[in-house]
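Trainee: Can you walk me through this structure? I would like to start with the surface and then get to the details.

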Amino acid sequence: MNKFKLKNKLKTFNGKRYVFCLIRNKYYILTKEELVRQKIIYYLIKTRGYKVKEIYVEFNSTFYNIKNRLDILVIKNNRPFMIVECKSPEVKISSKSFDQIMKYYLRFKSQYLVLTNGIKIIIFEFKNDGIEFLKQIPKNF
């Protein structure tokens, strides 16, 4: 995922750096977390074959009167397929991060969960007989 260079997607406006989001089709302030989010979006599209129309970014949801915003939600066949939670590189992937993405899983029941800070990536696949850890995000089929 780190091999993706977004230089041609970066702009400076009024002294601030922005990055273009293929999904939302506009520029966003370039924070460390936004950079991780954009790199994984490019990875999903360019390497794993997902389509722009299957990917939702900063997807708002309410579950038991609690508002949440998923970093990335991939929908396939009108069902949640993958949830991606992005953290800044200096944020360690911890049980708190895992708890957060599991709350999203309880709401959406996606087949895959991805948790990344751009340095470390953890990929879970939910199967009938339990959870399997994967080495890479599955290709779009």
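**Surface, fold and rings**

Mentor: The accessible surface of the protein chain comes to about 8,700 Å², and 51% of that belongs to carbon and sulfur atoms. Keep in mind that this is a predicted model.

Trainee: What share of the residues is buried?

Mentor: Buried residues make up 45% of the 141 in the protein chain.

Trainee: And how many helices and strands are there?

Mentor: The protein chain has 2 helices and 9 strands. Along the sequence they follow the pattern β-β-β-α-β-β-β-α-β-β-β.

Trainee: What radius of gyration does the chain have, against what a compact globule would have?

Mentor: The protein chain has 15 Å, which agrees with the value near 14 Å for a compact globule of 141 residues. Its C-alpha atoms fill a box of roughly 50 × 35 × 30 Å along the principal axes.

Trainee: On to helix H1. Why call it largely enclosed by the rest of the structure?

Mentor: Because 11 of its 15 residues are buried. Among them are Glu34, Arg37 and Lys39, along with Ile40, Ile41 and Leu44.

Trainee: How far apart are the end C-alpha atoms of H1?

Mentor: They are 21 Å apart. That agrees with the 21 Å expected for the 15 residues of H1, residues 32-46, at 1.5 Å a residue.

Trainee: Different topic: aromatics. How many aromatic pairs are there in the whole structure?

Mentor: A search finds 10. One of them is tyrosine 105 with phenylalanine 126, a stacked pair at 3.9 Å centre to centre with 10 degrees between the planes.

Trainee: Where in the chain do those two sit?

Mentor: Tyrosine 105 is in helix H2 (residues 95-108) and phenylalanine 126 is in strand E8 (residues 121-127). They are 21 residues apart, and the pair links distant parts of the chain.

Trainee: Is tyrosine 105 buried or exposed? What about phenylalanine 126?

Mentor: Tyrosine 105 has 15% relative accessibility; the cut-off for buried is under 20%, so it counts as buried. Phenylalanine 126, at 15%, counts as buried as well.

Trainee: Which residues form the aromatic cluster?

Mentor: Phe13, Tyr18, Phe20 and Tyr27 form one cluster. Phenylalanine 13 is in strand E1, residues 10-13, and is partly exposed at 39% relative accessible area. Leaving out residues up to four places away in sequence, phenylalanine 13 touches Tyr18 and Tyr27.

Trainee: Last one. Which ring does the charged end of arginine 24 sit over?

Mentor: The ring of tyrosine 28, at 3.7 Å from its centre. Arginine 107 has its charged end over the ring of phenylalanine 108, 4.8 Å from the centre.

Terms used:
Residues numbered from 1 in each chain as written. Predicted model: local features only at pLDDT ≥ 70, side-chain atom pairs only at ≥ 80, totals over all residues. Heavy atoms only, no water. Helix = DSSP H or I, 4+ residues; strand = E, 2+ residues; numbered from the N terminus. Expected span 1.5 Å × (residues − 1). Buried < 20%, exposed > 50% of the residue type's maximum accessible area, 1.4 Å probe, protein only. Contact = heavy atoms within 4.5 Å. Phe/Tyr/Trp six-rings, centres within 6.5 Å; stacked < 30°, edge-to-face > 60°. Lys NZ or Arg CZ within 6 Å of the ring centre and 35° of its normal. Rg over C-alpha atoms; globule rule 2.2 N^0.38 Å. Areas by Shrake-Rupley, 256 points an atom, 1.4 Å probe, with all protein chains shown as cover.
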